[in-house]
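Me: Please take a close look at one position in this model, the one I have marked, and then set it against the rest of the chain. I would like a connected account with the numbers kept in view.

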Amino acid sequence: MELRHFEYFVAVAEERGFTRAAARLHVVQSGVSAVIKALERELGAELLERTSKRVVLTDAGEALLPRARAALDAVRAARDAVDEVRGGLRGTVRIGTLTSVGMIDVPALLGRFHRLYPDVRLQLAVSSRGSVGLLEGLVDGSIDLAIASVPGRPPAGVRIRQAHHEQLRLVLPEGHRLADAEEVTIADLVGEAFVDFPEGYGNRFVVDHAFAAAGIQRHVTIQVMDIASAASFVREGLGVSVLPQFAVPDRRGLVVRPLAGSDLEWPLGVAVSSLQAPSAATRALLEMIEKSIS
C-alpha cells in the first residue's frame with residue numbers, strides 16, 4: 001500500500017467524484033480510477049459506491065477515511081520538521097471560511113502570508129453548511145484552520161479564539177409598518193417573513209436562539225448563503241432580516257434598527273482542531289492572524 005493510494009482515496013472522498021478529484025490532483029480521471037481499484041483489491045473491500053451522479057463512501061470507506069487522512073497528516077508533519085531544520089517553510093494550509101467575512105480581510109491576510117512564505121500552498125474553501133460544516137472539517141482533518149462563527153461553547157475536538165463580536169441589527173424595507181416605531185422588540189415581529197441563512201450558520205443560530213428565548217416562532221421564507229445578498233431581498237420587500245452592519249453597506253431603500261431587549265451578539269473567530277497539533281505553516285498563519293486581530 002502506497003501513500004499515493006491514500007492521497008487519491010481522500011481526494012475522491014472529499015470531492016465526491018472522480019472528475020473533481022482528478023482535477024484536484026492534476027492527473028487524468030482514468031489514473032484516479034486505477035489507483036482506487038488497486039487499493040480496493042489490496043484491502044479486499046469496496047470503498048466507494050459509484051452512481052451516475054456522485055460517489056459515496058461504503059462502510060469500509062468511512063472506516064478508512066480518517067486513517068488515510070491521519071497517514072497523510074503524519075507525512076506532512078515529517079516534511080514540516082525537515083523543512084524547519086532547513087530554515088524554510090513549505091507545505092499546504094487548508095483554510096475554511098464563510099462566504100462573506102466583513103470583519104476580517106481574508107484576501108489581504110492570505111496575500112500578506114503568501115508574500116512572506118511563497119513556498120506554502122494555500123487552499124481556501126467554503127462550506128454550504130456554514131460554520132457547522134467548517135467545524136466538522138476541522139474534526140475530520142479535511143481542513144487545518146477555519147474562520148467561523150461559533151456562538152457559545154465550541155464542540156468537542158475544536159479550539160477557537162474569538163476575534164470579533166458584532167451586534168446584529170434588524171433590517172426593514174422603507175415604508176415597513178415598524179420603520180418609524182420608537183422601539184422594536186422581537187414580539188413586534190410576529191408574523192413577519194424573514195430572509196435568513198440556512199441552519200448551521202452562526203448568525204442564524206444567534207437569531208434563532210433569541211427568538212426561542214422570547215417564545216416567538218418566526219418564518220424564514222427566503223434562505224441565502226451569501227450574507228451580502230440578504231439586504232437586497234429585504235429592499236425588494238420580500239421579508240425582513242437580522243444582519244451585521246457590514247452586510248448592509250448600501251442603505252438605500254432600507255431602515256436599520258436595533259432590536260430592543262435582545263442578545264444578538266454575533267461572534268467571529270479562528271478555529272483549529274484540538275485533536276492534533278497544527279503544522280508549521282498553519283502555526284505561522286495562526287500567528288499572523290493573532291497579530292492582525294490583537
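Reply: Valine 132 is found in helix H6, which covers residues 130-140, and since the model is a predicted one, everything said here about this position and its surroundings is computed from predicted coordinates. Its relative accessibility is 35%, and because buried means under 20% and exposed means over 50%, valine 132 counts as partly exposed. Along the chain, valine 132 and serine 149 are 17 residues apart, while their C-alpha atoms are separated by 8.8 Å.

The chain to which this helix belongs has nine helices and twelve strands, and its C-alpha trace spans about 70 × 45 × 30 Å along the principal axes. Of the 294 residues, 47% count as buried. Among contacts with a separation of 6 or more, 71% are made by residues 24 or more positions apart.

As for the interior, nonpolar side chains in soluble globular proteins tend to be buried together. In this model the largest nonpolar core has 69 residues, and Leu145, Leu170, Val242, Leu243, Leu259, Leu264 and Leu285 are those with the most contacts inside it. Helix H9, residues 280-293, gives the most to this core, with eight residues. Leucine 145 illustrates how such a residue is surrounded: leaving aside residues up to four places away in sequence, leucine 145 touches, among others, Leu138, Val270, Val272, Leu285, Leu286 and Ile289, and its list of contacts also includes Arg94, Gly96 and Thr282. A second core, separate and made of 22 residues, includes Ile36, Leu48, Leu64 and Ala68.

The aromatic side chains add a further layer of detail, with four aromatic pairs found in a search of the whole structure. One of these is formed by phenylalanine 197 and tyrosine 201, whose rings are stacked at 6.0 Å centre to centre with 25° between the planes; both phenylalanine 197 and tyrosine 201 are buried. Arginine 218 takes part in another kind of arrangement, for its charged end sits over the ring of phenylalanine 194, 4.9 Å from the centre of that ring, and also over the ring of phenylalanine 211, at 5.4 Å from the ring centre.

Tyrosine 201 appears again where internal empty space is concerned. The search of the whole structure finds two cavities of 30 Å³ or more, and the largest has a volume of about 80 Å³. Eleven residues line this largest cavity, and Leu98, Tyr201, Asn203, Ile227 and Trp266 are those that lie nearest its centre.

Finally, two residues deserve a check of their backbone angles, given that most residues other than glycine have a negative phi. Arginine 16 has a positive phi, near 60°, although this residue is not glycine, and its place is in the loop between helix H1 (3-15) and helix H2 (18-25). With a relative accessibility of 35%, arginine 16 counts as partly exposed. Histidine 26, likewise not a glycine, has a positive phi of about 60° and lies in the loop between H2 and helix H3 (29-43). Histidine 26 has a relative accessible area of 66%, and is therefore exposed.

Definitions and conventions: Residues numbered from 1 in each chain as written. Heavy atoms only, no water. Phe/Tyr/Trp six-rings, centres within 6.5 Å; stacked < 30°, edge-to-face > 60°. Buried < 20%, exposed > 50% of the residue type's maximum accessible area, 1.4 Å probe, protein only. Lys NZ or Arg CZ within 6 Å of the ring centre and 35° of its normal. Core = buried A, V, L, I, M, F, W, Y, C linked by side-chain atoms within 4.5 Å. Helix = DSSP H or I, 4+ residues; strand = E, 2+ residues; numbered from the N terminus. Contact = heavy atoms within 4.5 Å. 1 Å grid on protein atoms, 1.4 Å probe; cavity = no way out; pocket = protein on both sides within 12 Å on 5 of 7 lines; lining within 4 Å. Points joined across faces, edges and corners; volume = space filled by probe spheres on them.
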